[in-house]
Amino acid sequence: MPQWSDYSNGERIKILRGTEITQGDLAEKTGLSIATIQAAEQDKRLSLPTLMKLAAALSVDTSVIVGQQAPRRAMRQEDRTMMRDLSHAVHDTATGTPPVVEAPDLDELAKITRQGWELYWKGRYSEAGSLAAPLLRSAAARLYEQPVGEQSEAWGAVADAYRICAYVANLMGVRDLAYAAIGHAQRAAENAGDELRQALVTSGRSWVYLRDARLPEALELAEKAAVDIEPRFSRATPEQLTVYGSHVNFAAVVASRMGNKDRAADYLSQSHAAGARMGREVRAHGTLFGPVSASTQAVGINVSLGQTGKALALIEEISKDDTGQLSEAAQHRYALDKAMAQADAKMWDASLDTLEGALRSAPHWARHQALPQVIVSKVGRASTTRLRRVSKLIGAGPAMSAFPAPTPKTAL
């Protein structure tokens with residue numbers, strides 16, 4: 001597959017324009033003539049003023065068009081527009097300059113934050129990002145207006161907004177923005193004086209490290225986040241168990257990516273214990289956890305450890321009624337883990353059936369996932385027709401992520 005820099009400027013403009021925007025549409029958006037657009041795409045003529053207008057209309061930096069920097073994986077025009085606004089919100093609020101927006105009260109900010117997480121867990125990442133940018137500006141405005149000594153709740157709202165921004169950027173493959181947003185979230189959580197929020201941010205940073213193939217750092221942070229909030233089970237609230245359970249689950253995931261079976265098993269045991277104590281799935285602080293989450297995550301962990309038999313045995317025990325308790329994104333992610341287990345077991349057709357079902361049921365979610373590409377690369381003995389069909393659903397094109405190429409260890 002060609003690298004982004006291997007294409008010509010004209011080819012890169014065509015790829016960025018995609019099928020959503022015609023040459024006529026681009027001419028209207030830029031104020032350029034269709035002949036100028038055609039000349040640029042045919043590599044006949046591309047002046048600096050034309051380059052600047054095209055970059056603005058396509059919501060990318062000029063460096064992307066000239067091949068110095070790759071665009072983000074699976075990004076459409078609306079995604080790029082959303083990410084640019086999200087980047088502006090993150091960096092502008094971090095300067096401490098008061099945003100010129102109305103400051104909602106704290107209850108309204110909490111309500112909007114819950115809406116943002118609902119969109120995120122439905123796998124509607126573009127919509128979550130579109131909400132996160134104004135949410136962050138509004139939370140920053142509320143912080144600015146709060147009296148000194150009464151700012152802890154407002155800092156908490158700012159931390160939550162930054163965390164949503166970081167999660168969206170991480171899934172979109174915008175590494176630098178993910179690092180920046182999670183760093184700002186950490187400072188805000190510390191100012192809020194909320195240990196639970198601080199642990200959530202630490203876990204989020206661990207996830208960014210995992211996507212960046214920094215596995216030792218990811219494990220260290222995941223373990224710290226879990227240890228920092230380990231509750232006394234006899235007195236723990238459902239909210240505390242939800243956050244703790246999701247943290248130890250993630251620590252098990254990272255340990256499995258490093259091939260550390262003992263650590264992964266230990267954290268899985270704690271995860272199952274927390275889930276059993278809860279008895280049901282519970283949402284809290286932008287996360288969902290319970291006994292079903294513990295079981296479905298265990299499938300992916302065993303796949304990563306090369307324990308295909310254990311993964312398939314777990315799959316047999318998990319029913320549709322069980323997975324129906326999960327968020328939509330978690331259901332789809334479990335389907336990918338299941339497809340990976342089937343591929344490892346050389347159950348080629350079953351793997352493609354499972355993968356195709358996930359891709360068709362949630363195309364808006366699937367186009368931001370790296371794991372389908374990894375699964376297809378494993379399914380080497382299925383029929384060519386089936387592979388072509390599934391590959392088309394995944395989408396073809398140049399690698400466009402700022403993160404290292406996905407592998408079974410980092411595709412999360």
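## A tour from L46 to the surface patch at E153

Begin by selecting L46, which sits in the loop that runs between α3 (34-41) and α4 (48-57). Keep in mind throughout that the model on screen is predicted. With a relative accessible area of 28%, L46 counts as partly exposed, because that class covers values between the 20% limit for buried and the 50% limit for exposed.

With L46 still selected, display its contacts: when neighbours within four places in sequence are set aside, L46 touches N9, A40, L51 and L54. Then add G10 to the selection and draw a distance between the two C-alpha atoms, which are 8.7 Å apart although L46 and G10 are separated by 36 residues along the chain.

Move next to S203, which you will find in helix α11, the helix made of residues 195-211. Is S203 buried or exposed? At a relative accessibility of 12%, S203 counts as buried, because this value falls under the 20% cut-off. If you show the residues around S203, again leaving out neighbours within four places in sequence, the contacts that appear are A225, H247 and F250.

For the last stop, select E153 in helix α9, which spans residues 152-172. E153 has a relative accessibility of 57% and therefore counts as exposed, the threshold being over 50%. Now extend the selection to D105, D107 and E108, and switch on the surface: together with E153, these residues gather there in a patch of negative charge. Colouring the surface by charge is a convenient way to view the patch formed by D105, D107, E108 and E153.

Methods: Residues are numbered from 1 along each chain as its sequence is written. This is a predicted model: local features need pLDDT of at least 70, side-chain atom pairs count only at pLDDT 80 or more; totals for chains, interfaces and linings use all residues. Side-chain values use heavy atoms; hydrogens and water are left out. Patches are made of residues with over 30% relative accessible area and no salt bridge: like charges are joined within 9 Å, nonpolar side chains (Val, Leu, Ile, Met, Phe, Trp, Tyr) within 5 Å. Accessible areas come from the Shrake-Rupley method with a 1.4 Å probe; for residues, only the protein chains shown count as cover. A salt bridge is a side-chain nitrogen of Lys or Arg within 4 Å of a carboxyl oxygen of Asp or Glu. Lys and Arg count as positive and Asp and Glu as negative; His and the chain ends are not counted. The place of a charge is taken as NZ of Lys, CZ of Arg, CG of Asp or CD of Glu. Helices (H or I, at least four residues) and strands (E, at least two) are DSSP runs, numbered from the N terminus. Buried means under 20% relative accessible area, exposed over 50%, partly exposed in between (1.4 Å probe, protein chains only). Contact means heavy atoms within 4.5 Å.
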